[in-house]
Amino acid sequence: MTLAEARARHAQLVREIRAHDHAYYVEARPIISDREYDRLFQELLDLERQFPELVTPDSPSQRVGGEPLEGFRRVRHRVPMLSLEKIRPADHPTRAEEPDDARRKQRQDQNTLNELRTWDLNLRKQLRVDRLEYVLEPKVDGVSISVHFENGRFVLGVTRGDGSTGDDITANLRTIRSIPLVLSVKDPPPYLEVRGEAYMAQKDFEALNRQLESAGEEPFPNARNATAGTLKLLDPRQVARRPLRAVFYGVGHCEGVEFRTHAEVLETLRRFGLPTQPCWWLCRDMEHLLEVYHREVVANYDETRDLRTRLPYEIDGIVIKVNDMTLWPRIPARARAPGYAIVHKPIHWIEPAETVLKGITVQVGRTGVLTPVAELEPVFVQGSTISRATLHNEDEIRRKDIRIGDTVVIRKAGMVIPEVVEVVKSKRPPGTRPFDLYEFVGGRCPACGGPIAKEPIATGEGQEVAWRCQNVAGCPAQKIRRLEFFTQRKALDIEGIGGIVAEKLIESGLVDEPLDLYELKLEDLARLNLGTAEAPRVFGEKNARKVLEALERARSLPLARWLFALAIPNVGEVTAHDIASFHEDLESVARSRLLQGVVRLEEIARQAETVNPNSRKNPPQTGTEFRRRAEQYEALRREAERIGKELVEAGFARPAARSEGGFPAFVTRVGPVAARSVLDYFASPTGRRVLERLRALKIHPRGARTASGQGPLAGKTFVLTGTLAAWTREEASELIRKAGGHVASSVSKNTDYVVAGESPGSKLDKARALGVPVLDEAAFRKLLIEAGVLENAHPTSRPGPGGGTAQPELF
Ligand SMILES: NC(=O)c1ccc[n+]([C@@H]2O[C@H](COP(=O)([O-])OP(=O)(O)OC[C@H]3O[C@@H](n4cnc5c(N)ncnc54)[C@H](O)[C@@H]3O)[C@@H](O)[C@H]2O)c1
Ligand SMILES: [Zn+2]
């Protein structure tokens with residue numbers, strides 16, 4: 001490789017890594033798996049080793065990933081928060097060269113352990129000592145946090161950020177119950193900054209994802225991303241509902257207390273009542289540490305007994321630290337990591353597991369999509385035993401050539417649901433056949449026997465092609481899923497329907513589509529047989545009455561709930577809520593100018609890309625073409641500007657921070673995929689029928705929006721900052737809109753009021769600088785009462801995680 005080539009590749013790697021860092025640390029929605037990211041990063045390091053002139057101070061190799069977030073106050077770390085250096089895994093032979101997988105992994109692991117010996121040797125030489133004590137502790141796969149205690153009281157909580165400056169997330173961290181607000185010690189040090197990780201226990205994380213999924217929202221790829229995503233929420237009440245925990249393993253800036261060893265730090269933190277790791281080992285020297293490693297960490301390579309199975313959180317390696325802290329200043333640090341610590345990742349922790357694909361089953365979803373699922377010989381993967389994995393869709397199976405009987409590689413890393421990564425072709429038994437979904441299900445839906453067809457479907461990542469049962473109206477599997485969806489707690493909350501009851505309602509023909517529930521007679525429902533013909537078990541009158549009552553109550557539920565209940569593809573709870581707060585009723589959603597605007601904006605952006613006269617990909621060939629395209633481009637730009645302006649004025653969009661080549665770009669409240677999906681739904685026969693039936697049933701759910709330009713606060717622009725005790729940001733915004741006002745996201749001289757709650761951000765400073773009136777919660781409440789959108793009563797309280805108020809308990 002020449003220097004010029006290296007430079008080009010280096011620049012590309014830096015660009016890619018930065019983009020992934022942003023997705024990971026700022027958006028908390030990584031695009032690629034950690035393995036893939038680590039591969040890019042390793043390539044960067046290798047390149048820089050080979051061509052040291054490429055190392056610049058702003059290379060990702062020189063700084064800690066992450067950057068401050070929008071909406072939080074910044075805090076400088078008095079002691080930088082660094083990352084950790086990893087031991088490079090030894091290069092390993094490919095599978096074909098060494099078929100005995102278990103032994104190969106062990107050998108590789110041994111090689112890496114030798115690097116630990118080298119590390120120890122170098123340190124001892126540097127420090128001129130014969131022996132160094134080490135602490136071996138698990139590396140928690142969470143999100144770094146720093147918590148400050150002044151005279152024993154929790155005063156500040158900060159993220160790692162870029163290592164030198166983080167975000168003030170005090171309000172969010174205060175909702176984590178495992179972090180004490182007051183240290184449990186009589187005479188606490190005047191100042192103690194502790195460092196550790198926030199995390200979600202695996203089972204809590206899985207429950208959260210199930211909840212998000214049933215709400216039609218996108219699940220998080222893994223517990224670490226869920227934690228990062230939660231910590232950056234601007235509303236601590238939302239954070240309080242998420243199952244976060246914390247564990248601490250170090251100190252930052254301290255006053256009035258001194259630590260000599262790392263072991264002493266760990267013991268002291270525990271004594272102060274801070275959660276610390278349940279296991280860590282103080283080792284006499286490196287050889288002792290390696291012994292402990294074999295016995296405790298990899299349990300002599302018995303994966304079912306190793307360290308990962310003993311901890312409530314995910315770990316992604318072990319950390320080895322020099323115990324004597326007085327030596328730390330003498331060990332030179334790296335650019336982004338301290339010198340006194342190192343990370344080791346056992347090979348089999350990062351390598352995916354292998355097992356046999358026993359069979360494939362096909363499930364039918366709410367929208368009729370047929371999803372193939374792998375039935376596996378149970379296998380232990382990263383801390384748990386799994387026997388099923390997703391195969392995504394037929395194209396994926398074909399691309400990977402997955403066949404029943406194959407030995408397959410399974411991974412969970414970075415994914416919630418385990419997935420089949422690849423086939424070990426060398427282990428394929430004779431007589432397997434390529435998998436053909438159409439043939440496998442005999443060309444019919446496995447649930448109803450109806451016809452199936454290949455259709456594009458929208459997924460979280462974009463478009464995909466899938467087989468779909470065409471019997472939308474008649475397929476019992478789809479009907480049952482839709483009925484369950486319609487009655488679930490977050491939709492119409494009809495307790496008692498769901499599971500077996502939904503199944504029997506559809507089977508018996510009493511209900512065909514969700515709205516049929518409103519035609520049900522008490523006697524029929526009471527007589528519904530939940531058992532079999534031989535052993536009948538009826539639903540009963542009491543239950544039936546309850547269901548009918550719940551249905552009556554549901555009539556007056558707000559638009560957001562109804563919109564969600566209809567199970568429109570791509571419309572989750574949040575989207576339904578967003579749409580409902582800008583519309584009066586279902587009819588106005590069906591012909592929404594706002595949603596049409598969103599869809600059109602996306603079309604324009606796509607067209608603009610193709611006609612762009614300065615396009616490098618597709619440059620104009622002649623001067624005439626250039627002029628023609630320049631004209632078209634300009635027309636599109638004007639149209640985008642006009643629509644964008646309309647949406648911004650309605651509060652439905654804001655200009656995007658960065659726009660591609662100066663073309664107007666907007667961040668809309670609801671994305672184009674969802675917007676299109678909603679409009680398509682109401683234009684379809686199904687959607688039109690639903691509107692008609694609702695009209696006939698006299699069900700008329702209301703949105704939060706009054707006709708624009710009306711209401712006592714018409715024309716007034718509000719900006720919210722900090723947290724209010726009585727409402728979430730959403731609820732407060734809705735109240736403002738209900739009174740005819742408008743909520744903007746940033747303060748300008750056009751802002752009429754800034755509403756400042758607890759721990760307000762920089763918006764408050766800006767408001768003061770511009771002389772914009774600032775309302776505290778009491779003044780805001782008074783204004784809302786005067787505007788007639790709020791009763792003059794006690795603050796509304798919303799049910800929280802345990803049915804109490806939603807206020808974080810620790811406030
Ligand atoms: N998928 C993606 O797009 C993407 C993007 C960026 C980063 N990443 C992932 O993030 C990793 C880099 O993140 P990082 O820089 O935070 O490094 P890291 O998480 O691999 O290691 C450093 C961190 O470990 C934590 N830690 C946990 N237990 C500890 C203990 N006992 N003692 C001390 N520290 C402990 C500390 O918070 C420290 O900052 C990459 O390896 C990659 O896997 C992925
Ligand atoms: Zn079907």
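The protein has 26 helices and 23 strands, where helices (H or I, at least four residues) and strands (E, at least two) are DSSP runs numbered from the N terminus. This is a predicted model, in which local features need a pLDDT of at least 70 and side-chain atom pairs count only at pLDDT 80 or more, whereas totals for chains, interfaces and linings use all residues. Residues are numbered from 1 along each chain as its sequence is written, and chains are lettered from A and ligands numbered from 1 in the order in which they are written.

Of the 811 residues, 36% count as buried; a residue is buried if 20 or more other C-beta atoms, placed from the backbone, lie within 10 Å of its own, exposed if 12 or fewer, and partly exposed in between. Among contacts between residues at least 6 apart in sequence, 67% join residues at least 24 apart, a contact being a pair of residues whose C-beta atoms, placed from the backbone, lie within 7 Å.

**Confidence**

The protein averages a pLDDT (the predictor's confidence in each residue, from 0 to 100) of 87, and 92% of the residues score at least 70. Over residues 92-99 the pLDDT is below 50, and beyond near neighbours in sequence this stretch has 6 contacts in the model. Residues 794-811 also have a pLDDT below 50, with 24 contacts beyond near neighbours in sequence. Where pLDDT is low, the predicted coordinates should not be read in detail. For the complex, the predictor gives an ipTM of 0.94 and a pTM of 0.58.

**The surroundings of ligand 1**

Around ligand 1 there are 22 residues, of which Tyr-24, Pro-30, Asp-34, Ser-83 and Ser-144 come nearest; a residue is near a molecule if its C-beta atom, placed from the backbone, lies within 6 Å of it. Helix H1 (3-26), helix H2 (34-50), strand S2 (134-140) and strand S7 (245-255) each supply at least two residues of this shell, and the largest share, 4 residues, comes from H1. Because domain 1 (3-62) and domain 2 (111-350) both give residues to the shell, ligand 1 lies between them; the domain bounds come from an automatic or database domain assignment.

The shell divides by residue class as follows, with the class members listed by definition.

| Class | Members of the class | Residues in the shell |
|---|---|---|
| Nonpolar | Ala, Val, Leu, Ile, Met, Phe, Trp, Tyr, Cys, Pro | 10 residues |
| Polar | the others, Gly among them | 6 residues |
| Charged | Asp, Glu, Lys, Arg | 6 residues |

**The annotated cysteines**

According to an unreviewed UniProt entry, the annotation "binding site" covers Cys-445, Cys-448, Cys-469 and Cys-475. They span 31 residues in sequence, yet no two of their C-alpha atoms are more than 8.5 Å apart, so they gather at one spot. Such annotations may be inferred rather than shown by experiment; the positions are given in the numbering used here, and feature names are shortened.

Cys-448 is found in the loop between helix H12 (437-440) and strand S16 (452-459), and is partly exposed, with 19 other C-beta atoms within 10 Å. Cys-469, in strand S17 (residues 462-469), is buried, with 26 other C-beta atoms within 10 Å. Leaving aside neighbours within four places in sequence, the contacts of Cys-469 include Cys-445, Cys-448 and Cys-475.

**Two enclosed helices**

In helix H6 (residues 223-231), 8 of the 9 residues are buried, so H6 is largely enclosed by the rest of the structure; Arg-224 and Asn-225 are among those buried. The buried residues of helix H18 (residues 573-580) are Thr-575, Ala-576, Asp-578, Ile-579 and Ala-580, and what covers them includes helix H17 (559-565), helix H19 (586-590) and helix H22 (672-683).

How values were computed:
Two residues are in contact if their C-beta atoms, placed from the backbone, lie within 7 Å.
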